[in-house]
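Here is a short tour for anyone who would like to get to know this protein residue by residue. Have a look at the sequence and the model first, and then we can walk through them together.

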Amino acid sequence: MMQKKITLEYEYFTDINCLPATLQQLVKAARNNTLQAYAPYSHFKVGAAVLLDNGIIINGNNQENASYPQGMCAERVAMFQASALYPDNAMIAIAICGNPEGFALTHPLSPCGGCRQVMLEYEKKSGQNMKVILCTMQDEYIVFDNAGMLLPFNFSKDDLLTK
Ligand code: THU
C-alpha cells in the first residue's frame, strides 16, 4: 500500500494591483456582470467573465428559472457563449464573483462541480491553461493557474480515447 498526497498551490491576495492589467479588467467585468444576473429565486447573483486568447472578454451571469433545475450558473453561461461565438479561440482565464443580495460574501466564491467540469473540457480542448480567478466584490482574490487543479481525479475526453 502507498500513501499518496495531492497538494494545491494557489495565490491569495487582497490588492487588485497584484494582477496584470488584463486580468484586472476581467475581474471588473465579472463584478459588473453580477449586477445583471437573473436570480429572482436564490437572490444569489453571480458574475463571470472569460478572457479569450484574442483578448476579447465574454460575459456571463447566472440565469434562474421557476423550474429550478433549468437555471444555469454564471460560469457556464460565459463559457458556452465564448465557445459559441469563438469556437477556435482558447479561454485563457475566467474570473468569477458572487454578489448575493442582502449580505457580503466572507470569501471568494468557489465554482460548483458542474462548472469545474466544463472549465476542464475547454481547457483540454484548447491545450492551454485556463487561469481561474475567484474574487469578492471587495478586494480579495484567489488565483489558480489552471482549471484542472480544481478537479483532481477528473474524467475528461482523454478517458474516452481508445487505448
Ligand atoms: N451559481 C453560479 O452561478 N455559479 C456557481 O459556481 C455556484 C452557484 C448560481 C446558481 C444559482 O443561480 C445560484 O448561484 C444559487 O445557487
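In this predicted model, a polar side-chain atom of Asn-62 sits 2.9 Å from an oxygen atom of the ligand. Two backbone groups also take part: the table lists them beside Asn-62.

| Residue | Part of the residue | Distance to a ligand oxygen atom |
|---|---|---|
| Asn-62 | polar side-chain atom | 2.9 Å |
| Ala-74 | backbone N or O atom | 2.9 Å |
| Cys-112 | polar backbone atom | 3.1 Å |

On its own the ligand exposes 380 Å², and the protein buries 75% of that area. Two elements, β2 and α2, each give two or more residues to the surrounding shell. The residues around the ligand are Ser-42, Phe-44, Val-46, Asn-62, Glu-64, Cys-73, Ala-74, Glu-75, Ser-110, Pro-111 and Cys-112. By type, this shell divides into six nonpolar, three polar and two charged residues.

Next, the nonpolar interior. Which residues of the largest nonpolar core touch the most other members? They are Val-50, Met-79, Met-119 and Val-132, out of 25 residues in that core. The elements giving two or more residues to this core are β2 (44-52), α2 (74-85), β4 (91-100), α3 (113-126), β5 (131-135) and β6. A second core, separate from this one, has 17 residues, including Phe-13, Ala-29, Cys-97 and Cys-135. Back in the largest core, Met-79 is a good residue to click on: leaving aside neighbours within four places in sequence, Met-79 is in contact with Val-50, Met-91, Ile-94, Cys-115, Val-118, Met-119, Tyr-122 and Met-130.

Val-132 also leads us to Asn-146, which touches Glu-123, Asn-129, Met-130 and Val-132 when residues up to four places away in sequence are not counted. Asn-146 belongs to the segment after β6 (141-144). Is Asn-146 buried or exposed? With a relative accessible area of 16%, Asn-146 is buried, because the value falls under the 20% cut-off. A polar atom of the Asn-146 side chain lies 3.2 Å from the backbone nitrogen of Gly-148.

Another asparagine, Asn-59, is found in strand β3 (residues 57-61). Asn-59 counts as partly exposed, at 40% relative accessibility. Its side chain is joined to that of Asn-33 by a polar contact of 2.8 Å. Apart from neighbours within four places in sequence, Asn-59 is in contact with Ala-29, Asn-33, Ala-48, Ala-49 and Ala-78. Met-1 is 58 residues away from Asn-59 along the chain, and their C-alpha atoms are separated by 47 Å.

Helix α3 holds Gly-114, which is partly exposed at 32% relative accessibility. From Gly-114 to Cys-97 the C-alpha separation is 16 Å, with the two positions 17 residues apart in sequence numbering.

Finally, a look at the backbone. Most residues other than glycine have a negative phi. His-43, in the loop between α1 (21-34) and β2, has a positive phi near 60 degrees. This residue counts as partly exposed, at 36% relative accessibility. Phe-153 is not a glycine either, and has a positive phi of about 55 degrees. Phe-153 lies in the segment after β6 and is exposed, with a relative accessible area of 79%.

Definitions and conventions. Residues numbered from 1 in each chain as written. Predicted model: local features only at pLDDT ≥ 70, side-chain atom pairs only at ≥ 80, totals over all residues. Heavy atoms only, no water. Helix = DSSP H or I, 4+ residues; strand = E, 2+ residues; numbered from the N terminus. Buried < 20%, exposed > 50% of the residue type's maximum accessible area, 1.4 Å probe, protein only. Polar contact = N/O pair within 3.5 Å; in protein donor to acceptor, adjacent residues only side chain to side chain. Contact = heavy atoms within 4.5 Å. Core = buried A, V, L, I, M, F, W, Y, C linked by side-chain atoms within 4.5 Å. Near = heavy atom within 4 Å. Areas by Shrake-Rupley, 256 points an atom, 1.4 Å probe, with all protein chains shown as cover. Nonpolar A, V, L, I, M, F, W, Y, C, P; charged D, E, K, R; others polar.
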